[in-house]
Structure formats: structure tokens, C-alpha cells
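Work through the exercises below with the structure in view. Each one sets a task and then solves it step by step.

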Amino acid sequence: MTLLLAAEGHGEAVNEVVQATTGLLGLSWLIPVVPLLGFVLVLALTKTLRERAAFVAIAAAAVSFLLSVGVAAQMLGDPATYVRPIGTFIEVGGFEVAWDLYIDQLTTVMLLVVTGVGLLVHIYSLGYMHGDVRFARFFAYLNLFLFSMLVLVLGANLVTLFVGWELVGLSSYLLIGFWFEKAEYASAAKKAFITNRVGDVSFMIGMFLAFSVFGTLDFLGIIENAETLASGTALALVLLFLGGAAAKSAQIPLYVWLPDAMAGPTPVSALIHAATMVTAGVYLTVRLSPVLVQSVTGMEVIAWIGVATVLLGALIALRQDDIKKILAYSTVSQLGYMFVGVGVGAFREGIFHLVTHAFFKGLLFLAAGSVMHAMANRTDAWGMGGLRKVMPITFWTSAIGWLAISGVPPLSGFFSKDQILTEAYMHGYFGIWLLGLLGAVLTAFYMSRWFFLIFLGKPRFGHDVHPHESPASMTAPLIVLAVLSVAGSLLNPVHHGPLYNFLAPVVGDVSAIGYEAAGPIPELGLIGAAVVAGAIGIGLAFLVYVKGDLSRGRMLEPIRGTAAEVLERKFYVDEVYSLVFVRIGGRIADAMVWFDTRIVDGVVNGAGAGSLALGRVTRRAQTGLVRGYAASFLLGALVLVGFLVFSVR
């Protein structure tokens, strides 16, 4: 290892930058390469391997996870920013982009989350996808998704990150539309792909601006020179990268693709919604946090978009009946909390929530898959009930996931969400704190509704369904994620706990901003408010769905009438987008095509046609007869003489 430089500043301990070519860090390039090899091998030998392909893919994911654990151990023993040189990617004139890997505390956390949850999803899929006609191809795509996300988090510059960013988009397209025989599934895949391309435009413009300002796209160069940014330039960079992050992490106004992404097999939902694609936007903003702190206005935009997304997702989830759709809007809402954390300067708390969310949301999605497996793929929560006795493992693990996301202490979701809200209040954002608390009440309510309707009460399904507990390959990941949903609290049980201190050297320093608390409420009071918010939501749901008369069916819902219809139709956002971007946009495109073909092409083609017509007329003068040419010469001479005579007179 060679010492490159020792950075200073940022108000707290800052990493030294080290070039790593030996030890496990030297082998870190294998972390993304092994899943890539798994993808190629499984895809090439699909017919030969058949269902054995699953073990190849699982082994690839396991190797990546073990290597990530080794890197984490080395990072804990000797914290630094490690750069692993690989080679040159682009070299044109003075512009050079390397394939180097960038491993610091933030990368380490992401590696463990991506490979850890990814491995569990691979194992779970062994039972869930059993019997599918494209079983082997599914595991190949899972390996490709894992490779893509690992490239994204390991890239040492924005270009490499963007390569992973696009590969993740391709992987999600393949997995969301995996059952492409159904038109709505294929449409969902296209919707996700196109929506993310909108954000990519903003991301790319941000890269161009960053290169023009910093002269490099390497994270080291950007972070070291972030303090030199003018306020206007910093704001522009923040908003441009926010555009890309909002699409990837499903924030307003680009969240619409994520609920439809439920079309993919349930393990895909767990992988996308919990640990990989949707966290990319949060990762990007925290990675660029030294740039963000140069524009408080830009950060406030992020925070308000985040809290608006929290409420929008939670309100829509209140009246969804599909057990996966409820979780999908829950993901949109929880990602909003992470953006709130980034926007109020709580970068480390945002990453803490990203980690705990990966545990309990991965658990909830896989539990939903277990329920669907038992209910012959039914997803309507009102057609379930009473599954507690026949699915004890799924029931108890789901209970842990439900309580974690509802903010019940001492489960991990409580600590991470509470720390974001506490930081919002302590940094003077009273409105965001209050709206965040309202979001916590709504979250506890709709997630309790999800849990009660599935597992409690009497069965509401027909005699043609015979629910049963899922096989061990599916329940074992549930148990592991349930344990992590509880033990995740230990990562940061107090506000300035182990994870907070671990990430300190790699996030932007907010001390220079000079935040002031929004009021006199001490932290204990804020914690109490968060506990009460969760209790209110659970209590209300208990009164409605457990104490209420479930035989009334949907008439039991407390929200009815126009309000219920608005929530069920998701505030008509899809309809508005369809009107504006599909119908009106389509007509504008048709008009532009008409102008291009009729006006632009018409002028060009008209000029050509005129030349041809003129040629056809004038060629008749070329007869080849000498007397004709002599007569023409004589006529011209007479005209010329006449003209001269007339002019002299």
C-alpha cells in the first residue's frame, strides 16, 4: 500500500487516501467480477445446467459477500479511503477516466448491504422460482443485477458510477419484465426504463458541469475542491444530481415507475426495493455531500421533496389492497425519509435508515412472496386473513418487519427514522419534522392494516385455496432478515453511535452551516413524540381492523367516498402523466413530424423537383441541328443590336 496524501479539514477526522494493491483490498475487483462471471456462465449453459444454475448464481453471490466481509474487516482495522487501480477506461486529449475502485466507509456499508441482502434474495428465489420455465435465466439476471449495483458503489468517479447506474437500469428492465408474456408486465418494465432515462439526462448534464468546474470527474478531485464552488454553481450541481437521484430513488415527480415494478417476481421486488436500485440515489447524494453542503438552498429542496414524498406515498398506501402495492408505496415513502435526512444535513442518519430499511423491507417483501406462494399468487389483502396459524414462521417474521417499519422500539426502524426526525428538528426544520411525524402515524396505520388483514381474523378465502408454510429455502432468509431487523439497532442505538462515527470521515461537514434548533424540545421529548406517533397509527388500525367487523369487507374502511377514490386512483398522477406526456406529447411529436416531412422536406424536395422540371423544358433547345443553332445565334444578335441602337438614341 502506498500513501498518496493525508487530507485535512471537514471539521472531523478525515480519511487518508491509500492506494491498495495487496490483501483483500487488492482482490476487491473480484467483488463485482464474480457475479458477472456467474451471469455469463449461467446464460451460456442454461440448457446444460437447468435448475443447477441456481447454485452457480448463489455461489457467485456468496463469494462477493464473503469478499465484502473481508474488506469490511480490513476497513474496521485500518480506516482509510482506498483506491484500487484497475486500468484506463477513457483517454482523449486531456480527459482521462480510470476504472479505479473507490473503497471507504460508505462503500463498505453499501457493499455489505448489497451483497448480504442480495445473497439472501438469491437463496429465497431457489424455492420461489422453482418450476418456472425460465428458472436459469432468472438467476442469470439476478447475478447481472448484483454486478451492476456493485460497479455503481465501487466506482471511483462519476463516469464509472454512471456505467453501473445504467447497467442497473438495464437489469431492472429485464427483471421487472421477466414475465413479458403479460402485456402489463412488459409495460411496467418500459415505464421504469423510460422514467429513469429522464433522470439520466439531468445526471449527465450534472457530470458535464462538474467536469467544467473541477476539471475532473474523480470523487477525490471533486470532494477536495468542493469548498471552492460558487454558491450558484453549487446549487446548479445539487439540483442536477438531484434530478438523477429522484428518478432512481423514486422521489416526486419521478416516483411513478416504482409501484408498477411490482410486476416482476417478488424476489426482484425485494432486491430492487430494499437493497439495490432504489438506494442508488441516496448513495449518490451522500457521496457528493461535500458538494451539497455548499448550497443550503439545494439541500432544503431535497428535504422538502423528501417529506412531500413521505406523505404522498403514505397517503396512497392507505387505500391500496394489493399486498405488494402497499409495500411499494411504503418504499417510496421510506426513501423520502432518507432524502429528508440528506436535505437536513443528517447524511449519516440517512444511510442508517438505508441499512435498516434494507433489512425490514427486504423481509416484508419476501414475506409477501411467501404469502403469495401459499395463496396461489393471490395478492388482494381482503381475500386473506387467518394465516397466522398455518404460516407461523412467515407470521412471526412479518410481525417483526411490521413493527420495525412502524417505528416501535427497540426495533431498528425506530432508531433510524427517529434519528432523522430528531436531526430535522435540531437543525431548525420544524415543518419538516412535524410532517415527518405525520408520515410516521400514517406508516404505522397502513402497515398495521397490511399485517392485520393478512394474518389475523378469520380466513376470508375460498375452499379452493390451501395455504401452507413455505419451504426452508424461503423461510430461512426470512428468519435471517428478521434477526437483522432487530439487531440492526445495535449499529447506532444512540444518535452518535458506532455507525455515525464510522461514517464521519466521508460525509460533508455541516458545522459551518450554523443550524439552530427549531424549538426548546429536548431529544428525549422528540423520541417520545416518535414513539407516540407509531402507537397512534397502530392503535387506530387495531380499532378499525381487529376490533371492527371484518365481515363488512371494504365497507369497514375509515376513509370512504371521494377521498377514498382519490387515494385508490393515486391522486390521478398516472392519468395526468398519460395526458401530458403521452397524449399531448404525442400530438406535439406528430405535429413536428408533419412539419419535418411536409415543410422542411417539402422545400428540399421541391427545389429538386423544380430543377428537374426546368431541365426538361430547356433540354428541348438542344436539338443537334446546325440551322437551328444558327437561327438562335442570329436572333440573339438582332436582339443585342436592337438593344444597342435603342440605348444610343
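**Exercise 1.** Find which residues L158 is in contact with, leaving aside its neighbours within four places in sequence.

Solution. The model is a predicted one. Starting from L158 and setting those neighbours aside, the contacts are F203, M207, A210, L217, F219, I222, F241, L284 and L288. Next, place L158 in a wider setting: L158 and W450 are the residues with the most contacts inside the largest nonpolar core, which has 207 residues.

**Exercise 2.** Decide whether V580 is buried, partly exposed or exposed.

Solution. First locate V580: the residue lies in helix α25, which runs over residues 573-618. Then take the cut-offs: buried means under 20% relative accessible area and exposed means over 50%. V580 has 36% relative accessibility, so it counts as partly exposed. Finally, look at the surroundings: V580 is one of the residues that make a nonpolar surface patch of about 830 Å², including also Y572, F581 and M592.

**Exercise 3.** Describe the helix and strand content of the two stretches that UniProt annotates at residues 89-139 and residues 157-443.

Solution. Take residues 89-139, listed in an unreviewed UniProt entry as "domain: NADH-Ubiquinone oxidoreductase (complex I) chain 5 N-terminal". This stretch is 57% helix and 22% strand, with its end C-alpha atoms 29 Å apart. Now take residues 157-443, which the unreviewed UniProt entry gives as "domain: NADH:quinone oxidoreductase/Mrp antiporter transmembrane". Here the chain is 75% helix and 0% strand, and 37 Å separate the end C-alpha atoms. For the whole chain, the tally is 26 helices and 6 strands.

Key
Residues are numbered from 1 along each chain as its sequence is written. This is a predicted model: local features need pLDDT of at least 70, side-chain atom pairs count only at pLDDT 80 or more; totals for chains, interfaces and linings use all residues. Side-chain values use heavy atoms; hydrogens and water are left out. A nonpolar core is a set of buried Ala, Val, Leu, Ile, Met, Phe, Trp, Tyr and Cys residues joined through side-chain atoms within 4.5 Å. Buried means under 20% relative accessible area, exposed over 50%, partly exposed in between (1.4 Å probe, protein chains only). Contact means heavy atoms within 4.5 Å. Patches are made of residues with over 30% relative accessible area and no salt bridge: like charges are joined within 9 Å, nonpolar side chains (Val, Leu, Ile, Met, Phe, Trp, Tyr) within 5 Å. Accessible areas come from the Shrake-Rupley method with a 1.4 Å probe; for residues, only the protein chains shown count as cover. A salt bridge is a side-chain nitrogen of Lys or Arg within 4 Å of a carboxyl oxygen of Asp or Glu. Helices (H or I, at least four residues) and strands (E, at least two) are DSSP runs, numbered from the N terminus. UniProt positions are given in the numbering used here, feature names are shortened, and annotations may be inferred rather than shown by experiment.
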